[in-house]
Amino acid sequence: MILLEHLKRILENTQYILAHWGALLENHAYLFEQCANILEDTAFIRRFKNILEHTAHLLENPYQDQI
């Protein structure tokens, strides 16, 4: 009986640990998703900055690209 009690306790502890690992993995998935969103936003900002710089260049030298 003592062995069964210990095995039951081990199983309960294992279930507890696995539940916490599951929650931890969900949190990591959320963090990775947020990182991906930040990288997408950064790429968009970089492209938008390039467009603005090119537009400023065209406004400063409107005829340069026509040559």
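How much area does the chain expose, and what share of it do carbon and sulfur atoms supply? The chain exposes about 6,600 Å², and carbon and sulfur atoms supply 67% of it; accessible areas come from the Shrake-Rupley method with a 1.4 Å probe, and for residues only the protein chains shown count as cover. This is a predicted model, in which local features need pLDDT of at least 70 and side-chain atom pairs count only at pLDDT 80 or more, while totals for chains, interfaces and linings use all residues. Residues are numbered from 1 along each chain as its sequence is written, and side-chain values use heavy atoms, with hydrogens and water left out.

**View 1. The whole chain has one helix and zero strands.** Helices (H or I, at least four residues) and strands (E, at least two) are DSSP runs, numbered from the N terminus. The radius of gyration of the chain is 28 Å, well over the 11 Å that the globule rule gives for 67 residues, so the chain is more spread out than a compact globule. This radius is taken over C-alpha atoms, and the rule is 2.2 Å times the number of residues to the power 0.38. Along its principal axes, the C-alpha trace spans about 95 × 15 × 5 Å. Of the 67 residues, 0% count as buried (buried means under 20% relative accessible area, exposed over 50%, and partly exposed in between, with a 1.4 Å probe and protein chains only).

**View 2. Met1, Leu3, Leu4, Leu7 and Ile10 make a nonpolar surface patch of about 600 Å².** Patches are made of residues with over 30% relative accessible area and no salt bridge; like charges are joined within 9 Å, and nonpolar side chains (Val, Leu, Ile, Met, Phe, Trp, Tyr) within 5 Å. Ile10 is found in helix α1, residues 2-60, and counts as exposed at 51% relative accessibility.

**View 3. Lys49 forms a salt bridge with Glu53.** The structure holds one salt bridge, defined as a side-chain nitrogen of Lys or Arg within 4 Å of a carboxyl oxygen of Asp or Glu. In the Lys49–Glu53 pair, the closest N and O atoms are 3.1 Å apart. Because Lys49 and Glu53 are four residues apart in helix α1, about one helical turn separates them. Lys49 is partly exposed, at 46% relative accessible area, and Glu53 is partly exposed, at 41%.

**View 4. Ile45 lies in helix α1.** The relative accessible area of Ile45 is 55%, and this residue is exposed. Ile45 and Tyr30 are 15 residues apart in sequence and 23 Å apart in space, C-alpha to C-alpha.
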